[in-house]
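Let's take a walk through this structure together. Please have the sequence and the 3D view open as you read.

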Amino acid sequence: LAQRLAMLPVDLVVSSSYLRARSTAALIAEVTGARHVIPVRQGSTWVDLPADDPDVRNHASLLREIDVPSELQGLGFQDPRARAIQHAAMAVADQPDGHHSDEENLHDLWRRAEEIRRYLEASKEQLVVVVSHGGILKVWVAHLMFTAVPGLDTSDQLAAYRGFTRLGWWDNTGVLSLRFSREQGWMWLMTDIQHLQPEYFSFMPSGPRVAQSAPDAGAEYLGGKDDRS
């Protein structure tokens with residue numbers, strides 16, 4: 001992924017504080033020469049800390065993966081206890097104050113996606129690479145599709161938002177290319193998995209291929225998903 005982005009004039013790399021995202025972002029920052037920061041919560045605001053600042057681990061990061069019930073830690077996906085916890089959390093996720101324990105519900109995620117949007121819109125850099133995780137990135141992109149909606153106030157809005165966040169627009173690991181302008185807002189330009197070739201496409205039938213070229217997307221924000229299996 002770093003080699004794929006090396007040709008771009010990257011101004012800034014921002015990432016989650018989780019090791020898997022931080023490591024990917026560090027490689028991208030190294031090959032592009034861009035600064036790498038992690039926005040973390042300090043008081044009521046998000047503050048950029050250098051990625052190598054040890055204090056990063058003491059704060060919640062803006063781009064962290066979705067918070068799930070902490071009692072899931074150590075349980076396998078197929079564990080009946082895990083399934084029971086997940087079902088209990090999903091049963092109240094539509095309620096503004098509904099929580100099984102310490103997870104983020106749909107309303108919490110809406111608010112965090114809005115904070116991500118505002119954070120990026122306030123950036124003075126021209127091209128920013130965002131390295132985060134599949135769940136929260138889907139929530140964020142879904143939020144961008146719903147910016148005309150002031151909140152999740154009706155059952156139809158909740159159902160549409162939840163359905164949109166479950167769609168799979170990219171595979172492990174994809175690059176979403178988006179552009180923001182004050183006049184036009186956000187535009188989702190493309191999803192790019194070119195950097196995964198050729199091994200990723202080894203399942204496809206062999207045969208002659210025709211080279212194709214694509215115009216420069218000119219994106220200002222790239223959302224790189226880093227949920228590696």
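What follows covers confidence, then one helix, then the largest pocket.

A good place to begin is how far to trust the coordinates, since this is a predicted model. The average pLDDT of the protein is 82, and 78% of the residues score at least 70. Among the elements, strand β1 (residues 12–15) has the highest mean pLDDT, 97, while strand β7 (residues 221–225) has the lowest, 47. Over residues 203–222 the pLDDT is below 50, although this stretch has 36 contacts in the model beyond near neighbours in sequence. Residues 224–229 also have a pLDDT below 50, and here the model shows 32 contacts beyond near neighbours in sequence. Where pLDDT is low, the predicted coordinates should not be read in detail.

Now turn to helix α4, which runs over residues 106–121. At 1.5 Å a residue, its 16 residues should span 22 Å, and the C-alpha atoms at its ends are indeed 22 Å apart. Of those 16 residues, 12 are buried, so α4 is largely enclosed by the rest of the structure. Among the buried ones are Leu106, Trp110, Ile116 and Leu120, but also Asp108, Arg112, Arg117 and Glu121.

Helix α4 also leads us to the largest pocket: α3 (80–91), α4, α5 (134–145) and α6 (155–166) each supply at least two residues of its lining. This pocket holds about 1,100 Å³ of space. It is lined by 30 residues, of which Glu65, Ile66, Val68, Gln86 and Gly135 are the closest to its centre. Helix α3 gives the largest share of the lining, with 4 residues. By chemical class, the lining has 14 nonpolar, 7 polar and 9 charged residues.

Key: Residues numbered from 1 in each chain as written. Predicted model: local features only at pLDDT ≥ 70, side-chain atom pairs only at ≥ 80, totals over all residues. Heavy atoms only, no water. 1 Å grid on protein atoms, 1.4 Å probe; cavity = no way out; pocket = protein on both sides within 12 Å on 5 of 7 lines; lining within 4 Å. Points joined across faces, edges and corners; volume = space filled by probe spheres on them. Nonpolar A, V, L, I, M, F, W, Y, C, P; charged D, E, K, R; others polar. pLDDT = per-residue confidence, 0-100. Contact = heavy atoms within 4.5 Å. Expected span 1.5 Å × (residues − 1). Buried < 20%, exposed > 50% of the residue type's maximum accessible area, 1.4 Å probe, protein only.
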